[in-house]
Amino acid sequence: MIQLDIRTLFFISTLTMVFMAIAMVVLWRTIPHERACRPWALGAALVAAGFLLIWLRGLIPDFFSIVVANVVFVAGYGLAVVGVNAFTGRRGSVGWVAVATLAMFASSLYFTYGAENIGARVVVISALLGAMALWCAGRLVVGAPPGMRLTQGLTAAVFVLHGVPLLIRAGAVLADGTMEGLFAPSTLHAIVFVDVTLASLGLTFGFAAMTSRRLHLNLERLASHDPLTGLLNRHALEAAIAREMARSARHLYPLSVLVMDLDHFKRVNDTYGHDAGDAVLKAFARTAAEALRRDDVLGRQGGEEFMALLPGSNGAAARQVAERLRAAVAALSVPHDGRTIGVTVSIGVATAEDGGSWQAATRTADAALYEAKRSGRNRVVG
């Protein structure tokens, strides 16, 4: 079997971590709003520095090549944890990462100058780094958004394939009880450092893929959703209409439409200002979405005008939904600058039965909305 030189593997690992750090800096500068890129870049740089310090062992004082190297290793992996936390929208990792770094510092000092034991140092650092890698994998997998599951899952797999050998290494050294010099020939240690090299490359591409995928999804959302309310915009609503009409014609189920207009919305803007108007629009969008069913489609046509598609709902069912929505909106009190603003909505209802004309249904709903406005507002007609 070919015996790989451990010192050479350390140098190769240093180079791959430098490559990862540079790639993360480029990612950070390219997508500055992605808060995870900065700790990933700094973490990779620290790990590269740790490998370099260990590679220089015998040429520099042991304090730097052992104690400082181990500490920056743990700090670097800790920043990877912080970055994964930031990417997944979670907090709370900085404190225990700092504790892990301090524990590594204390144990490195003790097992170097107190009771010198290279095996104990290897067990501690391998266990800490392995645990951090598996923790990152869990964070990426648990609760991953639908559009991110593939890229986050693949990156998590790299973390697992990196963390497990580290824990095996810790267990093997602990069970053996003895260990020769760090650079002594060892198949297990060679495997671990080859794994480090491959993992650094895998995580570089994994982090880049995750940030690129999320950027793509955000751009898609901006193209299809209203930036203020988060609802479908007019273009996306028209696409949804075509899709639902095709399903309605294919399966011969009714498709109802609610055309909605906030009452006296211009008065809200004139009286309280446009910030208050924005708050009212967002409150209405949130309330309307909660009043509708999961399969219903809600969008903003423009200004204070909204539309909802109700697949499978006949006229009677659609009127019940519209009345529930109207009552929920009428109960709203939108806070603004220490005051509350009341909101009401007028709703026109129509149904396209058996694949009937959508244009005819919307014309009927528009006429019903006009009647609701004319007859006093805050009501459902259709």
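These exercises work through the cores, strands and salt bridges of a predicted model.

**Exercise 1. The largest nonpolar core**

Find which residues have the most contacts inside the largest nonpolar core, and which helices supply it.

Solution.
- Start with the core itself. It has 50 residues.
- Pick out the residues with the most contacts inside it. They are Trp40, Phe51, Phe159 and Phe207.
- Next, trace the helices. α1 (6-30), α2 (37-55), α3 (62-87), α4 (94-114), α5 (118-141), α6 (149-176) and α7 (187-224) each supply at least two residues of this core.
- Then look at the shares. α2 gives the largest one, nine residues.
- Now zoom in on Phe207. Leave aside its neighbours within four places in sequence. Phe207 then contacts Met20, Met24, Leu27, Trp40, Thr155 and Phe159.
- Finally, look beyond this core. Another core, of 31 residues, lies apart from it, and Ala276, Ala283, Val345 and Ile347 are among its members.

**Exercise 2. Strand β3 and its partners**

Determine which strands are joined to β3, and in which direction each pair runs.

Solution.
- Take β3 first. The strand covers residues 305-311. Six of its seven residues are buried, so the strand is mostly covered.
- Move to β1, residues 255-262. Seven bridges join β1 to β3, and the two run antiparallel. Leu255 stands opposite Pro311 in this pairing.
- Turn to β2, residues 297-302. Five bridges join β2 to β3, again antiparallel.
- Check the register of β2 against β3. Val297 faces Leu309. Arg300 faces Phe306.
- Close with the hairpin. Two residues lie between β2 and β3, and Gly303 takes a positive phi near 55 degrees.

**Exercise 3. Salt bridges within helix α8**

Work out the burial of each partner in the Glu238–Arg234 and Arg247–Glu244 salt bridges.

Solution.
- Set the scene. The whole structure holds 10 salt bridges.
- Recall the principle. Side chains of opposite charge can pair when their charged atoms come close.
- Examine Glu238 and Arg234. Their closest N and O atoms are 3.9 Å apart, which counts as a salt bridge because the cut-off is 4 Å.
- Place them. Both lie in helix α8 (residues 234-251), four residues apart, about one turn of the helix.
- Classify them. Glu238 is partly exposed because its relative accessibility is 46%. Arg234 is partly exposed too, also at 46%.
- Examine Arg247 and Glu244. Their side chains meet at 3.3 Å, N to O. The two are about one helical turn apart because three residues separate them in α8.
- Classify this pair. Arg247, at 34%, is partly exposed. Glu244, at 5%, is buried. The cut-off that decides this is 20%: buried means under it.

**Exercise 4. A salt bridge between distant parts of the chain**

Locate Lys373 and Asp263, and decide whether each is buried or exposed.

Solution.
- Confirm the contact. The side chains of Lys373 and Asp263 form a salt bridge, 2.9 Å from N to O.
- Locate the ends. Lys373 sits in helix α12 (residues 358-374), while Asp263 sits in the loop between β1 and α9 (265-272). The pair links distant parts of the chain, 110 residues apart.
- Test burial. Lys373 counts as buried because its relative accessibility is 17%. Asp263 is buried as well, with a relative accessible area of 7%.
- Widen the view. Asp261 joins Asp263 and Lys373 in a network of salt bridges.

Notes:
Residues numbered from 1 in each chain as written. Predicted model: local features only at pLDDT ≥ 70, side-chain atom pairs only at ≥ 80, totals over all residues. Heavy atoms only, no water. Core = buried A, V, L, I, M, F, W, Y, C linked by side-chain atoms within 4.5 Å. Buried < 20%, exposed > 50% of the residue type's maximum accessible area, 1.4 Å probe, protein only. Contact = heavy atoms within 4.5 Å. Pairing = 2+ DSSP bridges.
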